[in-house]
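Reader: I am new to reading protein models. Could you take me through this one, step by step?

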Amino acid sequence: MPMHTALIHFRAGFLGILSVILVYVGVFTIPQPQDNTDVLQIHFFDVGQGDAIFIQTPDGVEVLIDGGANNTVLRELAQHMSFFDRNIDMVIGTHPDTDHIGGLIDVLERYTVNTILITENEGESSTASVYKKAVEDEGTEVIYARRGQVFTLGASTTLEVLFPEINPEQMESNASSIVLRLVYGETSVLLTGDSPKRIEEYLVLTEGENLQSDVLKIGHHGSRTSTSELFLVEVDPDYAVISAEKDSRYGHPHLEVTDLLFNYRVETYSTAQEGTITFESDGREVWLQQ
């Protein structure tokens, strides 16, 4: 199939109209704001039991990946966005579990979103149904995620889709998670949603050394169902982030995962202990914002 190039933009005059683009392999360019710096920031928000990851690129592009279970994400966004900024370039719901998309319902109500990336997996919860309706009502471009898509977020920043490879409609929700690799210059961050070990090991087979990343967002909040040793060795991160609530009712993170990270000398941070965690990159190295 030939490569496709699409300009992602907000169609202000067409609210209420859902525009769906089915592109399986492609390069997408996000329009770039004027305010530039040379530092990329990626914030792992403390939203309790859930994921919410906010990317601010050196070219001013803003991307929100998941939104936690409730409107806590709005408070976190307010800490990192201008009061007058009511636009987010891209919102991604990795999979339809409440602790990933619940807060995105409030985000779509509060902010104008230029592009939404989802999968065909719709889940079975009432939250998933409300989110689907909110996406439709946003009236913006909606893209179904496929391996091989590359979103250009500025001069030196890209967001690569590594999974799913096919329509994941019939898959279990966690297994359908969108897996993303954020690349800025020579640095990278791997974001895995709630992908279980079998998907991680499939990624090792399909992506190999392309998985190597400076920062790894640990899958499924540090559950023992994710973070296989094979996968960790291939990613070979310097840092790991676990997004989970304090005194998690699910026991996250599990000891097997934290022991594995310790044994491989991966410097690990948890939102349960640290609150919101921010990494920065100048394209050559990555560091934890103090």
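Author: Here are short questions, each followed by an answer. This is a predicted model, in which local features need pLDDT of at least 70, side-chain atom pairs count only at pLDDT 80 or more, and totals for chains, interfaces and linings use all residues. Residues are numbered from 1 along each chain as its sequence is written, and side-chain values use heavy atoms, with hydrogens and water left out.

Reader: How many helices and strands does the secondary structure of the protein chain come to?

Author: Helices (H or I, at least four residues) and strands (E, at least two) are DSSP runs, numbered from the N terminus. On that basis the protein chain has seven helices and 18 strands.

Reader: What percentage of the residues in the protein chain is buried?

Author: Buried means under 20% relative accessible area, exposed means over 50%, and partly exposed lies in between (1.4 Å probe, protein chains only). The chain has 290 residues, and the buried share is 58%.

Reader: Which residues touch the most other members of the largest nonpolar core?

Author: A nonpolar core is a set of buried Ala, Val, Leu, Ile, Met, Phe, Trp, Tyr and Cys residues joined through side-chain atoms within 4.5 Å. Nonpolar side chains tend to be buried together in soluble globular proteins. The largest core here has 32 residues, and the members touching the most others are Ile42, Phe44, Leu117 and Phe279.

Reader: How many residues are in the other core, which lies apart from it?

Author: Val47, Leu64, Ile118 and Tyr131 are among its members. This separate core has 25 residues.

Reader: At what angle do helix α2 and helix α3 pack?

Author: Helix α2 covers residues 98-110, and helix α3 covers residues 126-138. Axes are lines fitted to C-alpha atoms, for helices over the stretch in contact, and angles run from 0 to 180 degrees between N-to-C directions. The axes are 9 Å apart, and the angle is about 35 degrees.

Reader: How do the residues of the contact of α2 with α3 divide into nonpolar, polar and charged?

Author: Contact means heavy atoms within 4.5 Å. Ile101, Leu104 and Ile105 are among the residues that α2 brings, while those of α3 include Val130, Tyr131 and Glu138. Ala, Val, Leu, Ile, Met, Phe, Trp, Tyr, Cys and Pro count as nonpolar, Asp, Glu, Lys and Arg as charged, and the others, Gly among them, as polar. The split is nine nonpolar, three polar and one charged.

Reader: What covers the buried residues of α1?

Author: Thr72, Val73, Leu74, Glu76 and Leu77 are buried in α1. Their cover includes β5 (53-56), β6, β7 (87-92) and α2.

Reader: Why does Ser226 count as buried?

Author: Ser226 sits in the loop between β14 (215-217) and α5 (229-235). Its side chain reaches the backbone oxygen of Ser195 at 2.7 Å. Ser226 counts as buried because its relative accessibility is 1%.

Reader: Is Asp236 buried or partly exposed?

Author: Asp236 is in the loop between α5 and β15 (239-242). Its phi is positive, about 50 degrees, although Asp236 is not a glycine. At 48% relative accessibility, Asp236 is partly exposed.

Reader: Where is Asp66 found?

Author: Asp66 has a positive phi, near 65 degrees, and is a residue other than glycine. With 1% relative accessibility, Asp66 is buried. Its place is the loop between β6 (62-65) and α1 (72-80).

Reader: Which residues does a cis peptide bond join?

Author: Omega of this bond is about 10 degrees. One partner lies in the loop between β11 (157-163) and β12 (179-184), namely Pro164. The bond joins Phe163 and Pro164.

How values were computed
A polar contact is a pair of N or O atoms within 3.5 Å; within protein, one must be able to donate a hydrogen and the other to accept it, and residues adjacent in sequence count only if both atoms are side-chain atoms.
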